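Colleague: I am new to this structure and would like a close look at a single part of it. Could you take one residue, describe its surroundings with care, and then set it within the chain as a whole?

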Amino acid sequence: MAHVADCPFDFSEQLAFDPSLGRLMADGPVSRVRLPYGEAEAWLVTTFDGVRQVTTDPRFSRAGIVGRDYPRMTPEPIVSPESLNVMDPPRSTRLRHAAARAFTQSSVKRMTPAIESVAHRLVDEMVEQGAPADLALGLSAQLPNHTICALLDVPVADRPLMLRHTQQMLATAPEARQAAAAAKQHLRAYFTALVAERRKEGGDDLINTMAACEPGEEPLSDDELAVLALTLILSGNDTATCQISNIAYTLLTRPELLGLLRSRPERLPRLLEELLRHIPFRKGVGIPRVALEDVKVEGVLIRAGDFVHVSYLAANRDPAVFPDPDVLDVDRAPHPHMTFGWGGHHCIASTFAVAEVGTAIEVLFTRLPGLRLAVPAEDVRWDTRTIRRFPLELPVTW
């Protein structure tokens with residue numbers, strides 16, 4: 001019987017790599033773990049090749065967790081049973097195709113001027129209010145929330161509510177379960193009503209874009225559109241929100257990186273990719289899969305019915321793929337990372353998220369060349385109550 005590691009994954013010390021995850025990686029490519037919530041233990045796969053296998057092998061099913069109290073980090077399951085994130089092909093393929101139409105590279109390129117405009121406006125507001133300013137509140141939280149809400153054409157008055165509810169759904173404390181469930185229920189009802197309204201009125205917003213179908217395609221139902229919109233608002237307020245603050249913090253505490261950005265701004269895209277790989281922007285793991293039959297992963301036999309988690313954070317630090325993985329190396333040979341997932345559940349809007357993060361960093365450091373922390377780095381307060389890792393406040397001056 002494999003040793004079972006008790007892994008709450010609650011490490012929150014700045015942006016250091018979780019030592020408990022590091023120990024599991026050192027013990028082997030596949031471990032047996034127990035998470036804070038859920039009915040059972042799970043396997044945890046930590047190597048790049050192992051994660052790639054689990055996320056692409058149809059013998060591992062996301063749909064298999066529906067209706068089960070699966071092992072997880074949060075007291076209330078983040079995803080709805082109807083969510084795209086708990087579907088398998090071919091059912092998921094149709095919904096992913098509908099959403100992907102809005103996030104092609106050409107579509108994101110057309111959106112970039114609007115993202116730049118919002119970033120400039122938010123920096124203007126920070127300057128007008130004067131230093132010191134809270135970068136986490138003034139830019140990191142506002143830019144992604146505004147842009148995804150604008151794409152979905154959520155009324156401006158409702159946008160703060162979107163941000164608050166998504167934050168509630170990511171909480172990890174046991175006492176947060178009721179608020180998280182209520183937040184998910186509210187957002188589901190909100191988008192159900194919004195979809196019905198858009199069906200009547202039409203328009204060129206993201207909901208109508210996803211509702212449109214090509215000849216021979218089955219159109220999405222109102223329920224499917226509502227859950228898809230909920231999924232996008234949740235993901236839209238997740239990775240980019242964390243990483244704008246995390247990357248700004250890293251640059252402001254690593255003079256050599258900030259010097260590189262200022263002397264060679266054309267290297268920003270490559271720098272961003274390495275920062276996205278290196279920074280552990282969340283805690284623990286996300287949504288598991290269930291083995292539909294006995295499968296070997298990295299030489300370990302996983303039995304049918306077992307839950308299997310993968311760690312994208314660990315895969316991004318696999319020395320077999322990224323030499324000296326704990327080193328933040330801007331000159332590292334390019335290789336795809338797993339920050340936005342892999343396989344059939346790779347983030348649909350990853351190109352959009354990268355555009356948001358890159359635009360925010362470029363505008364911020366171009367507009368405020370003297371930007372620096374307004375407090376000692378050790379005094380920055382970090383989130384300890386959700387599955388994310390980012391500064392609750394990031395006081396800056398210029």
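**A close look at Glu 76**

Modeller: Leaving aside its neighbours within four places in sequence, Glu 76 is in contact with Arg 177, Ala 180, Ala 181 and Lys 184. The model is a predicted one, and what follows should be read with that in mind. Of the residues just named, Lys 184 deserves a further word, since its side chain and that of Glu 76 are joined by a polar contact of 3.4 Å. As for its place along the chain, Glu 76 sits in the loop between β4 (60-61) and α3 (91-100). Although it belongs to a loop, Glu 76 counts as buried, because its relative accessibility is 16% and the cut-off for buried is under 20%.

Turning to the whole chain, one finds 15 helices and eleven strands, and 56% of the 398 residues count as buried. Among contacts between residues at least 6 apart in sequence, 75% join residues at least 24 apart. The radius of gyration is 21 Å, which agrees with the value near 21 Å that a compact globule of 398 residues would have, while the C-alpha atoms fill a box of roughly 60 × 55 × 40 Å along the principal axes. The chain exposes about 17000 Å², of which carbon and sulfur atoms supply 54%. Finally, with regard to charge, the chain carries 42 positive and 51 negative side chains, and the centres of these two sets lie 1 Å apart.

Key
Residues are numbered from 1 along each chain as its sequence is written. This is a predicted model: local features need pLDDT of at least 70, side-chain atom pairs count only at pLDDT 80 or more; totals for chains, interfaces and linings use all residues. Side-chain values use heavy atoms; hydrogens and water are left out. Helices (H or I, at least four residues) and strands (E, at least two) are DSSP runs, numbered from the N terminus. The radius of gyration is taken over C-alpha atoms; the globule rule is 2.2 Å times the number of residues to the power 0.38. Buried means under 20% relative accessible area, exposed over 50%, partly exposed in between (1.4 Å probe, protein chains only). Contact means heavy atoms within 4.5 Å. Accessible areas come from the Shrake-Rupley method with a 1.4 Å probe; for residues, only the protein chains shown count as cover. Lys and Arg count as positive and Asp and Glu as negative; His and the chain ends are not counted. The place of a charge is taken as NZ of Lys, CZ of Arg, CG of Asp or CD of Glu. A polar contact is a pair of N or O atoms within 3.5 Å; within protein, one must be able to donate a hydrogen and the other to accept it, and residues adjacent in sequence count only if both atoms are side-chain atoms.
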